[in-house]
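Me: I would like to go through this model with you. Could we start with the charges and then turn to the fold?

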Amino acid sequence: MRHGLKRNNLNRAKDQQLALMRSLTRELIKNGHIETTLSKAKVLRSFIEKIITKAKKSNSAAEPSEKLHYIRLVRKHIAADVLDTLLERAKPLKDRNGGYTRILKTSKRAGDATQMSIIQILDN
């Protein structure tokens, strides 16, 4: 039964879903925006919003041990080479209570008419 399972699994196994989300997250953090399918963008939004919230808490943590705790939580989900970039992108979002990303629908893909979209991290 599917009770309580509301997340779109993108027709992939759990490890493949996680690998896809990590790679999309990495590119989104590096570039600030990426173009992908609408369904992937919607799943990515829920994935990255939680990570940005933890990164934001690490910037505003009072104690060094608390800051390190949040950095380790973020590091668990993303690659080390984009960690500093994410922490910098999270600084302007300190006064924002969620809604760190925006999804803009674009045209349909030529091959299979899948709805494409651009997902971007907001600046403030």
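Me: How far apart are the mean positions of the positive and negative charges of the chain?
Reply: This is a predicted model. In it, the mean positions of the two kinds of charge are 7 Å apart. The chain has 27 positive and 12 negative charges.

Me: Now the fold. Which order do the elements follow from the N terminus on?
Reply: The order is α-β-α-α-α-β-β. That makes four helices and three strands in the chain.

Me: What box do the C-alpha atoms fill?
Reply: Along the principal axes, the box is roughly 50 × 35 × 25 Å.

Me: What share of the residues is buried?
Reply: Of the 124 residues, 35% count as buried. The chain exposes about 7900 Å², and 49% of that area comes from carbon and sulfur atoms.

Me: Let us look at α4. Which of its residues are buried?
Reply: Helix α4 spans residues 83–90, and its buried residues are Leu83, Leu86, Leu87 and Ala90.

Me: Why are they on the same side of α4?
Reply: They lie on the same side because they cover an arc of only 100° around the axis.

Me: And what covers them?
Reply: The cover of the buried residues of α4 includes three helices: α1 (14–31), α2 (38–60) and α3 (64–75).

Me: One last topic, the contacts. What percentage of those with a separation of 6 or more joins residues 24 or more positions apart?
Reply: Such pairs account for 59% of these contacts in the chain.

Note on methods: Residues are numbered from 1 along each chain as its sequence is written. This is a predicted model: local features need pLDDT of at least 70, side-chain atom pairs count only at pLDDT 80 or more; totals for chains, interfaces and linings use all residues. Side-chain values use heavy atoms; hydrogens and water are left out. Buried means under 20% relative accessible area, exposed over 50%, partly exposed in between (1.4 Å probe, protein chains only). Helices (H or I, at least four residues) and strands (E, at least two) are DSSP runs, numbered from the N terminus. The arc is that of the directions from the helix axis to the C-beta atoms. Contact means heavy atoms within 4.5 Å. Accessible areas come from the Shrake-Rupley method with a 1.4 Å probe; for residues, only the protein chains shown count as cover. Lys and Arg count as positive and Asp and Glu as negative; His and the chain ends are not counted. The place of a charge is taken as NZ of Lys, CZ of Arg, CG of Asp or CD of Glu.
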